Amino acid sequence: VVAALGGNALARPGEKLDIGSQRANVAAAARALAPLAREHQLIVAHGNGPQVGLLALQAEAYTEVEPYPLDVLSAQSEGLIGYLIEAALRNQLPGREIATLLTQVEVSLDDPGFARPTKPIGPVYGESQARELARTRRWSIAPDRGGFRRVVPSPAPQRIAQLPTLRRLADAGVIAVCAGGGGIPVVRGADGALSGVEAVVDKDLAAALVASELGAGALLLLTDVEAVFGDWPGTAQPLAGVTPAQLRALRLAPGSMGPKAEAACRFVERTGGVAAIGALRDAPRLLAGETGTQVRRSEPRPPQRRAR
Ligand SMILES: Nc1ncnc2c1ncn2[C@@H]1O[C@H](COP(=O)(O)OP(=O)(O)O)[C@@H](O)[C@H]1O
Ligand SMILES: [Mg+2]
């Protein structure tokens, strides 16, 4: 089972990014995940949007050195968040082996994502402050969460460099925390060497790639809403069971539910496994198919009448 934790699982919108509240949120996440780890090989992926933005701002405060590039900040956030998740899981699952794996995720320099930054990172600013920051720091900015945020390129993940290691960990029963923040974005040069790039890979798509490549049976996309709603921002039409075609037809919000839906579709289409989108606290019931939005390759067959 591959479980992807939303940024919301670590820091709720509007909540300060202080370490105490992140520890409390991560402890709740670990309580929700522990039952899965007792019965399945569990791999945990997670977002890093708020944290990587904070690290970027902190890196700029030290003016004698150039701000660190986003691949380095991604690695930093994988360590930071990975540590919090690993420590919380360890407290829930005494005796279990758990490892956080720095994960490099290969992207293509030809990816259209590089020409069109879409991924919001860091805090929400008022419009005038955001415009000033865009000018002085040469950021791209876009409206998000009622204000404006820095946006960076988000190319599609194509290959997980540490996949063989991840497979070994899973096969050995180790709970691996990986592909944090979508992983460290790298490109492969003509000589085969990997080098970091200025981007933040979408964590839902990276988790789907990990799940597909490992041949996972299920991909759980865990967030702060109990399902995908057909009438969003209304909540009258929670979708229970859908096919990839039905989900894609909804044209979901590109900055939030869209990537989760796309990640679910890609995993289901590639593997025939089940993907579920729903609330983190419901993780065990999501896996059991009892709640949330369940994405399957085809609609469940109507019950067959028994031949006499
Ligand atoms: N159709 C929809 N159904 C449910 N939630 C939606 C829908 N469209 C957009 N959303 C938003 O998507 C959010 C989850 O995505 P996101 O904010 O990216 O969280 P995460 O950090 O978990 O990736 C929900 O909190 C909700 O505000
Ligand atoms: Mg998201």
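A salt bridge is counted here when a side-chain nitrogen of Lys or Arg lies within 4 Å of a carboxyl oxygen of Asp or Glu, and by this rule the count comes to 13 salt bridges. One of them joins the side chains of E262 and R248, with an N to O distance of 3.1 Å. The model is a predicted one, and its secondary structure comes to ten helices and 15 strands. With a radius of gyration of 19 Å, close to the 19 Å that the globule rule gives for 308 residues, the protein is as compact as a globular protein of that length.

**Overall build**

- The C-alpha trace spans about 80 × 45 × 45 Å along its principal axes, and 50% of the 308 residues count as buried.
- Among contacts with a separation of 6 or more, 73% are accounted for by residues 24 or more positions apart.
- The accessible surface comes to about 15,200 Å², and carbon and sulfur atoms make up 50% of that surface.

**Nonpolar cores**

- The largest nonpolar core has 47 residues, and V2, I43, V210, L219, L247 and F267 are those with the most contacts inside it.
- At least two residues of this core come from each of β1 (2-5), β2 (43-46), α6 (163-171), α7 (203-214), β12 (218-223), α9 (257-271) and β14 (274-279).
- Apart from this core lies another, of 29 residues, which includes L10, A37, L42 and A283.
- Beyond its neighbours up to four places away in sequence, F267 touches A208, A211, S212, A216, G217, A218, L219, G272, G273, V274 and A275.

**Salt bridges around D204**

- D204 pairs with K203 in a salt bridge of 3.2 Å, N to O, and its side chain also meets that of K260 in a salt bridge of 3.4 Å, N to O.
- The pair of D204 and K260 links distant parts of the chain, with D204 in helix α7 and K260 in helix α9, 56 residues apart.
- D204 counts as buried because its relative accessible area is 2%, under the 20% cut-off.
- The two lysines are likewise under that cut-off, since K203 has 9% relative accessibility and K260 has a relative accessible area of 6%.
- Residues up to four places away in sequence aside, K260 touches K203, D204, L221, T223 and I277.

**The network around R248 and E262**

- The salt bridge between E262 and R248 links distant parts of the chain, with E262 in helix α9 and R248 in helix α8 (residues 244-248), 14 residues apart.
- Salt bridges that share partners join R248, E262, R266 and E269 into one network.
- Both E262 and R248 count as partly exposed, because E262 has 23% relative accessibility and R248 has a relative accessible area of 38%, values that lie between the 20% and 50% cut-offs.

**Surface patch and a loop residue**

- Y62, V65, Y68 and V72 make a nonpolar surface patch of about 380 Å².
- Within this patch, V72 belongs to helix α4 (residues 70-92) and counts as partly exposed, at 36% relative accessibility.
- S154 is found in the loop between β7 (147-152) and β8 (159-160), and its C-alpha atom is separated by 9.2 Å from that of P185, 31 residues apart along the chain.
- Leaving aside neighbours within four places in sequence, S154 is in contact with G113, T118, K119, V200, V201 and D202.

Terms used
Residues are numbered from 1 along each chain as its sequence is written. Chains are lettered from A and ligands numbered from 1 in the order in which they are written. This is a predicted model: local features need pLDDT of at least 70, side-chain atom pairs count only at pLDDT 80 or more; totals for chains, interfaces and linings use all residues. Side-chain values use heavy atoms; hydrogens and water are left out. A nonpolar core is a set of buried Ala, Val, Leu, Ile, Met, Phe, Trp, Tyr and Cys residues joined through side-chain atoms within 4.5 Å. Buried means under 20% relative accessible area, exposed over 50%, partly exposed in between (1.4 Å probe, protein chains only). Helices (H or I, at least four residues) and strands (E, at least two) are DSSP runs, numbered from the N terminus. Contact means heavy atoms within 4.5 Å. Patches are made of residues with over 30% relative accessible area and no salt bridge: like charges are joined within 9 Å, nonpolar side chains (Val, Leu, Ile, Met, Phe, Trp, Tyr) within 5 Å. Accessible areas come from the Shrake-Rupley method with a 1.4 Å probe; for residues, only the protein chains shown count as cover. The radius of gyration is taken over C-alpha atoms; the globule rule is 2.2 Å times the number of residues to the power 0.38.
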